[in-house]
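Some labels in a structure description rest on cut-offs, and the questions below ask how a few of them were reached.

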Amino acid sequence: MDGSDSVSSRIERLQQTFEQLKIDAFLVSSEANLHYLTGMADMAGDGYLLVLADDAYLITDARYQTAFAGQYDTEHLVITRDYLGAVCTLIAQTHTGVMGFEDDLPYAAYSYLDENLVSDLVALPAVVDTLRVTKDASEIAKLRASARLADAGFEYVTSIVRPGMREIDVSNLLDAFMRSHGASNASFTTIVVGGARAALPHGTASTALLEAGQMVTLDFGYFLDEYTSDMTRNFALGEPDAKLKTAYAAVKTAQDMVVAQVRPGANSAELDAVGRDFLTQAGYGEAFNHGMGHGIGLAIHEDPLISKNTNNQLVANSVVTVEPGVYFPGLGGMRIEDDVLVTPTGHERLTKATRELLIL
Ligand code: ZN
Ligand code: ZN
């Protein structure tokens, strides 16, 4: 859990957005945003944080009472099973005019509020999510440590993997390694795909056997001290198909070209274009069928997105992935993904495992 100092300064940053958003209160419901503003993970569905212009109430039930007792006084820690009823009561008591809420609030909750709340309701996208883009020093330290552990995880996999293992065996061994080195859990289902299955950008580890001559894609992320990594590497179990080897060199060049452009003010669509145009000119345009990257932090997919359809300017002290890939149905595929810190003057790769194609 983060210290209550950082949590209260985050709530203040949220309150500073109210005037521009024309709201008098904001209701926080999503898992990562509750985590960010309360310090408590996995609270989604177990309560709400109601932030007023100069006050904040955590509405949750008795299971959380002891954990939050030091952080909230009895007035501001509302213990109830009727979370939304308490929200309505607080809004009425404080004569609040307009309450913003997160636009992914479940419909049943929205419907209840629409029926029972005396204030106006307005759905707002990405309010807390935008605050989360800029990381403080302790968050950057945690992301750095998480990336370092991912590097160790990849090195471990390359030391144990061999033809005849199943994809799921590799995933399970990596999971044990990461957990025994301090990770709490994977931030998504680990991708271990060999041979033709590597043409599936989101194929997860199956019972398929890894075979000699296959290229294998490994994409994984684990939470360490609440913050996740997200890294993709590829390796070959013996000499791979020549077409895949050539494509790998192009993906590696494209990834280097994009990372080189990461700095504050860089435009997300232009970053995407730097790598996509290179791959298109090399003949792989059709084979690169997903976005270039995304933010990471308390969640595996955060703002900003980096793709041809986005229009964000990168900001200092954010962490983004850069992950071009090419996929040939029936043959195989590859992707290289690093976690990159946007520094005040440029960038720093947080994941540092070799990007050379390892032939094991
Ligand atoms: Zn990934
Ligand atoms: Zn990713």
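Donors are N, O and S atoms within 2.8 Å of the metal (3.2 Å for Na, K and Ca), and water is not among the atoms, so sites may look incomplete. This is a predicted model, in which local features need pLDDT of at least 70 and side-chain atom pairs count only at pLDDT 80 or more, while totals for chains, interfaces and linings use all residues. Residues are numbered from 1 along each chain as its sequence is written, ligands are numbered from 1 in the order in which they are written, and side-chain values use heavy atoms, with hydrogens and water left out.

Q: What makes Asp-219, Asp-230 and Glu-337 donors of the zinc ion (ligand 1)?
A: Their oxygen atoms, with Asp-219 giving OD twice, Asp-230 OD and Glu-337 OE, lie 2.0 to 2.7 Å from the zinc ion, and the limit is 2.8 Å.

Q: Why is the arrangement around the zinc ion (ligand 1) called irregular?
A: Four donors count as tetrahedral if all angles lie between 85 and 135 degrees, and as square planar if opposite donors are over 155 degrees apart and all others between 65 and 115. The angles here run from 53 to 151 degrees, so the arrangement is irregular.

Q: Why is Asp-230 called buried or exposed?
A: Buried means under 20% relative accessible area, exposed over 50% and partly exposed in between (1.4 Å probe, protein chains only); Asp-230 has 3% and is therefore buried. Glu-337, with 0%, is buried too.

Q: Which residue coordinates both zinc ions, ligand 1 and ligand 2?
A: Asp-230 coordinates both, and the two ions are 3.2 Å apart.

Terms used:
Four donors count as tetrahedral if all angles lie between 85 and 135 degrees; four count as square planar and six as octahedral if opposite donors are over 155 degrees apart and all others between 65 and 115; anything else is irregular.
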